[in-house]
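Subject: Handover of a structure model

Dear colleague,

Please find below the sequence and the structure that I am handing over to you. My notes on what was found follow directly after them.

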Amino acid sequence: MKIAEKKVVTINYILKDSEDNVIDTASDGTFAYLHGASNIIPGLESALDGKVGGDELSVAIAPEDAYGVRDDSRVEKVPRSMFPENEEIKSGMQFNAQGPDGQMIMITIAGIEDDHVLVDANHPLAGVHLNFDVEIVGVRDASEEEIEHGHVHGPDGHHH
């Protein structure tokens, strides 16, 4: 069965940056997503379109088709008082915060300056060229419930 919209695709992968550092792996045949539902980055989804179970491929993805380019306007200095007083704050730490539209976003502590903290709301992989080695483990039709919910459900279903 070919990978197409409304198919559940299971893959194994190794993700590396442009310096060949491993960023992430999935090698146990359990990473599944709903194709066409924006569950994975656009560049990888596009590269997998039309492939079949058993196919293996290497894909280089530019930031524009992954997590986007870095946006300096998403880095800002905020008062230290915005963080819990008794919590130690260090560069590289990540926190969930509420964005301007009420959505949850991840912020990374980019630096600490006296009584201010430099926060970065860019995705940690924004601006990074990504390289995937992918093995397609399987492809199946999505259930009506998976299509309605926009994501894959496990063998015991999914409870919202």
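How many bridges join β3 to β8, and in which direction do the two strands run? Six bridges join them, and the strands run antiparallel. Please bear in mind throughout that this is a predicted model.

The sheet around β3 and β8

Two residue pairs show how these strands are matched. I61 of β3 has L130 as its bridge partner in β8, and V59 stands opposite F132 in β8. Both strands belong to an open sheet of four strands, in the order β2-β1-β8-β3, with antiparallel pairing. Because β2 and β3 stand at the edges, each has a single partner strand, and one side of each is left without a neighbour in the sheet. On average, neighbouring strands here are turned by 25° against each other, direction ignored. As general background, strands of a sheet pair through backbone hydrogen bonds, in either a parallel or an antiparallel way.

The strand β3 also has two faces that you can tell apart. L57, V59 and I61 form the covered face, whereas E56, S58 and A60 form the uncovered one.

The largest nonpolar core

In soluble globular proteins, nonpolar side chains tend to be buried together. The largest nonpolar core in this model has 22 residues, and those with the most contacts inside it are L44, L48, I61, L130, F132, V134 and I136. The elements that give two or more residues to this core are β1 (7-16), β2 (22-34), α1 (42-48), β3 (56-61) and β8 (130-141). The largest share, five residues, comes from β8.

L130 may serve as an example. Not counting residues up to four places away in sequence, L130 touches L15, K16, I23, I41, V59, A60, I61, A66, Y67 and L125. A second, separate core has 10 residues, including I89, F95, V117 and A121.

V117 and the other sheet

V117 is found in strand β7, which covers residues 116-120. Is V117 buried or exposed? V117 counts as buried, because its relative accessibility is 0% and the cut-off for a buried residue is under 20%. Leaving aside residues up to four places away in sequence, the contacts of V117 are E76, K77, V78, R80, F83, I89, I109 and G111. By contrast with that list of contacts, here is a separation: between V117 and N96 there are 15 Å in space, C-alpha to C-alpha, and the two are 21 residues apart in sequence.

The strand β7 lies in an open sheet formed by four strands, in the order β4-β7-β6-β5, where the pairing is antiparallel. The edges are taken by β4 (75-79) and β5 (94-98); each has a single partner strand, so one side of each is left without a neighbour in the sheet. Neighbouring strands of this sheet are turned by 45° against each other on average, direction ignored. Five bridges join β5 to β6 (residues 104-113), and these strands run antiparallel. Within this region, Q98 stands opposite M104 in β6.

The largest pocket

About 370 Å³ of space lies in the largest pocket. Of the 18 residues that line this pocket, the closest to its centre are A97, Q98, I105, I107 and V119. Which strand gives the most to the lining of the largest pocket? That strand is β5, with four residues. Each of β4, β5, β6 and β7 supplies at least two residues of the lining.

Yours sincerely,
A colleague

Notes: Residues numbered from 1 in each chain as written. Predicted model: local features only at pLDDT ≥ 70, side-chain atom pairs only at ≥ 80, totals over all residues. Heavy atoms only, no water. Buried < 20%, exposed > 50% of the residue type's maximum accessible area, 1.4 Å probe, protein only. Contact = heavy atoms within 4.5 Å. Pairing = 2+ DSSP bridges. Axes fitted to C-alpha atoms, helices over the stretch in contact; angles between N-to-C directions. Core = buried A, V, L, I, M, F, W, Y, C linked by side-chain atoms within 4.5 Å. 1 Å grid on protein atoms, 1.4 Å probe; cavity = no way out; pocket = protein on both sides within 12 Å on 5 of 7 lines; lining within 4 Å. Points joined across faces, edges and corners; volume = space filled by probe spheres on them.
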